[in-house]
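Grab a pencil and get ready to work through a protein model step by step. Try each task yourself before you read its solution.

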Amino acid sequence: MAGSHKNAERPRGAGTLTEQPRVAPTLEKSPTGISGFDEITNGGVPQGRPTIVCGGPGCGKTMFALEFLVRGAMQYHEPGVLMTFEETTDEMTKNVASLGFDLRELEAQKKLFMDYVRVEPTEIQETGEYDLEGLFVRLQHAVDSIGAKRVVLDTLEAVFSGFANSGLLRAEIRRLFRWLKDRGLTTVVTAEKGDGTLTRYGLEEYVSDCVVFLDHRVNDQVSTRRMRVIKYRGSSHGADEYPFLIDEQGLSVLPVSAMKLNHAVFNERVSSGIPDLDAMLEGKGYYRGSSILVSGTSGSGKSSTAAHFAEQTCREGKRCLYVAFEESQAQAVRNMGSVGIDLETPIKKGLLRFEAWRPTQNGLEMHLLRIHKLVEEHQPDVVIIDPVTNLTVGTINEMHSTLMRLIDFLKSRGTTALLTSLMGKDRDLEQTEVGISSLIDTWIFLRDVELNGERNRCLYVLKSRGMAHSNQVREFVMSKEGVQLLPVYVGAGTVLTGSARLSQEARERAEEQSRQLQTEQKRKELERRRAAVEAQIDVLRSQLAEDEDRLKQVMQEEEGRKQQVDEEAAAMSKIRRVESAGNGRNALAEGA
Amino acid sequence: MTARVKVVPKRPMSTRHLNGSAPSMNGEFFELRLYVAGQTPKSLTALANLRKICNEHLDGRFELHVIDLVKTPQLAQGDQILAIPTLVRNLPQPMRKIIGDLSDTERVLVGLDVRKNMEAR
């Protein structure tokens with residue numbers, strides 16, 4: 001089908017070769033519907049061609065094949081044929097019922113045709129030439145009866161156990177793949193892994209279009225399933241090993257490292273839920289979509305910081321996913337309640353999803369996958385993982401790559417991630433977490449300060465990309481009203497917290513008080529002196545006034561006397577003039 | 001097509017009687033089915049070989065159905081037919097399957113458990 005398409009287009013393209021850029025005929029793909037697989041293969045398995053899914057026992061080959069078939073029938077309206085060689089159709093139906101796949105129902109709707117091919121070597125006697133035409137006939141019949149587009153052969157190699165002539169079987173299998181291709185049937189063939197080969201009978205030699213390898217390994221008693229697309233002719237594909245999970249919803253593959261650093265950047269800020277911490281971050285809080293690491297020793301307040309953020313997020317009507325590896329939901333609700341953080345209300349409202357599971361429950365990749373699935377389900381604005389260090393089931397290297405993938409994934413969604421990290425007391429944080437630190441936008445560091453028989457908590461912002469954050473160390477105090485950040489006393493190379501800070505503050509207050517008292521005294525003294533001086537001035541001034549008065553009196557008296565003298569002289573001269581003119585008695589009297 | 005019609009001219013159905021006769025008292029009765037897919041050389045050879053063997057060794061104590069899966073593909077599932085041609089011994093129990101063009105007469109006889117019967121007689 002695909003071939004005829006290509007042939008039809010080619011002549012047209014040839015004529016206009018020079019005028020328009022030639023578009024390379026891309027390989028048509030059939031989506032499997034398996035979450036994640038279609039991403040790593042850019043669309044699914046090659047359409048109309050066979051794909052081999054191989055791996056050891058219990059690696060999930062059959063599950064992969066069945067999901068491809070069922071999802072094809074249900075989501076993409078492509079009916080499928082299931083030909084099983086190892087399990088009966090009843091067994092198969094029961095096996096996948098737990099995934100919510102009802103094969104019998106699909107069969108009734110003519111979306112699925114199941115055929116169990118039993119290969120029983122003990123029943124068969126070979127007497128000359130034969131071929132596997134019976135298989136072709138059955139397949140043809142199955143395909144025709146429902147108009148199938150997809151075929152699953154699980155596990156085709158079982159025919160090798162039933163027939164002795166392997167040369168003939170190989171020829172027949174080659175013919176079968178040709179036959180499937182000619183009919184444009186998108187086929188998934190499962191095959192058991194061989195010794196040093198992908199498949200026990202070398203099927204991959206015949207199916208060269210797409211080979212998927214599944215692996216189930218156990219490290220430190222923790223199992224991890226991985227998938228690798230070994231070959232995909234004519235298509236780019238993720239070549240890494242991708243972890244995958246089989247759960248109630250079937251297979252999920254995590255397309256881990258296909259992400260690029262091109263996530264959208266948000267200028268929007270989100271409050272941390274602790275006003276004092278917001279104040280340290282330009283007064284606005286974290287950036288939306290950033291990754292925040294809260295690290296510290298045990299009991300330094302990491303979870304409380306995280307819970308504050310969760311509460312704040314939900315208070316704003318946004319959604320939050322809280323993944324806890326240490327506390328169960330009930331325990332966290334109670335404990336956070338004791339420091340004034342209400343997690344119960346947002347949980348009841350459905351805004352906060354609290355998920356707790358044991359870190360040893362799964363391998364690293366499984367944790368990651370679970371978080372992925374939860375994020376897809378809950379669609380949170382904020383994801384909190386408390387603590388992320390509990391994920392170190394594998395090596396540090398593995399954890400680093402896992403975290404990177406997780407952070408990338410969350411960033412690409414614009415989801416703010418808050419991770420807490422537990423540090424050993426004697427370890428140097430900047431050394432041990434150098435791997436994570438490069439991935440983190442805002443790093444808040446909580447540390448214990450043990451002094452004067454007390455253990456107190458300090459908080460500082462180690463780094464915060466894209467903002468002028470505070471460089472201060474603050475004391476982290478938990479109360480019934482939640483977390484408060486108090487300024488610490490810094491002096492003589494030491495940081496004082498707790499009662500040492502309190503006593504220092506008291507001392508400072510006392511000093512301040514005495515200083516104030518002294519000033520007051522000085523002021524009063526001055527007041528008094530001023531009053532004294534002013535009194536003196538008054539006295540002097542009144543003395544002066546007195547003197548002036550006296551002077552005035554003297555002057556007046558002088559004036560009066562002078563006048564009197566003048567008057568008397570005038571009178572005298574008058575009298576003298578009279579006596580000189582009449583008798584000499586008057587002149588005598590006047591001179592006496 | 002024509003060749004097969006010559007071999008079994010009685011019924012046009014793909015499931016048909018060949019040389020059928022009443023069960024003999026001398027030995028066990030054989031109910032045989034030969035599955036073929038169209039008129040391939042292998043099928044024709046098998047049918048010819050089978051006729052010969054039946055006539056020589058089973059002495060009328062058999063019933064043979066030839067089933068052409070091209071016409072009735074749904075019948076392949078029941079007897080779990082994979083290889084073509086396949087001869088199924090339905091009776092006597094247990095069921096036996098012999099695949100191939102039946103050119104190795106000895107093996108066919110062993111496969112059908114006829115040899116034993118003959119010796120017993």
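Below are six exercises, each with a worked solution.

A note before you start: this is a predicted model, where local features need pLDDT of at least 70, side-chain atom pairs count only at pLDDT 80 or more, and totals for chains, interfaces and linings use all residues. Residues are numbered from 1 along each chain as its sequence is written, while chains are lettered from A and ligands numbered from 1 in the order in which they are written.

**Exercise 1. Get to know chain B**

Task: Work out how many helices and strands chain B has, and in what pattern they follow each other.

Solution:
- Start with the rule: helices (H or I, at least four residues) and strands (E, at least two) are DSSP runs, numbered from the N terminus.
- With that rule, chain B has five helices and five strands.
- Reading along the sequence gives α-β-β-α-β-α-β-β-α-α.
- Next, burial. A residue is buried if 20 or more other C-beta atoms lie within 10 Å of its own, exposed if 12 or fewer, and partly exposed in between, with C-beta atoms placed from the backbone.
- Of the 121 residues in chain B, 39% are buried.

**Exercise 2. How confident is the predictor?**

Task: Find which element of chain B has the lowest mean pLDDT and which has the highest.

Solution:
- pLDDT is the predictor's confidence in each residue, from 0 to 100.
- Chain B averages 74, and 72% of its residues reach 70 or more.
- Among its elements, helix α1 (residues 2-7) has the lowest mean, 35, and β2(B) has the highest, 90.
- Residues 1-25 of chain B have pLDDT below 50.
- For the complex, the predictor gives an ipTM of 0.77 and a pTM of 0.65.

**Exercise 3. Where the chains meet**

Task: Say how many residues each chain brings to the contact, and which element gives the largest share on the side of chain A.

Solution:
- Two residues are in contact if their C-beta atoms, placed from the backbone, lie within 7 Å.
- Chain A puts in 23 residues and chain B puts in 29.
- On the side of chain A, the elements giving two or more residues are β6 (124-126) and α6 (133-146).
- The largest share, seven residues, belongs to α6(A).
- Sort that side by class: Ala, Val, Leu, Ile, Met, Phe, Trp, Tyr, Cys and Pro count as nonpolar, Asp, Glu, Lys and Arg as charged, and the others, Gly among them, as polar. You get nine nonpolar, six polar and eight charged residues.
- Now the strands: two of them pair if DSSP finds at least two bridges between them. β6(A) and β5(B) pair in the parallel sense over three bridges, and A:Gln125 stands opposite B:Ile98.

**Exercise 4. A closer look at α6(A)**

Task: Decide whether α6(A) is mostly covered or mostly open, and find what covers its buried residues.

Solution:
- The helix has 14 residues and spans 20 Å from first C-alpha to last, close to the expected 20 Å. The expected span is 1.5 Å times one less than the number of residues.
- α6(A) is mostly covered, with ten of its 14 residues buried. Among them are A:Phe136, A:Leu139 and A:Val143.
- The cover includes β4 (80-84), β5 and α8 (166-182) of chain A, plus β2 (30-36), α3 and β4 of chain B.
- Just after the helix, A:Gly147 takes a positive phi of about 65 degrees.

**Exercise 5. Unusual backbone spots**

Task: Track down where A:Pro387 and B:Pro85 sit, and what kind of peptide bond comes before each.

Solution:
- A cis bond joins A:Asp386 to A:Pro387, with omega about -15 degrees. A:Pro387 is in the loop between β18 (382-386) and α14 (396-412) of chain A.
- The bond from B:Ile84 to B:Pro85 is also cis, with omega near -5 degrees. B:Pro85 lies in the loop between α3 (75-78) and β4 (86-91) of chain B.
- Then look at phi. B:Leu102 has a positive phi of about 60 degrees although it is not a glycine, and it is buried, with 28 other C-beta atoms within 10 Å.
- A:Lys110 has a phi near 65 degrees and is partly exposed, with 13 other C-beta atoms within 10 Å.

**Exercise 6. A hairpin**

Task: Find how many residues join β11(A) to β12(A) in the hairpin.

Solution:
- β11 (residues 241-247) and β12 (residues 250-253) of chain A run antiparallel, joined by four bridges.
- The hairpin links them through two residues.
- One bridge pair to find is A:Leu245 with A:Ser252.
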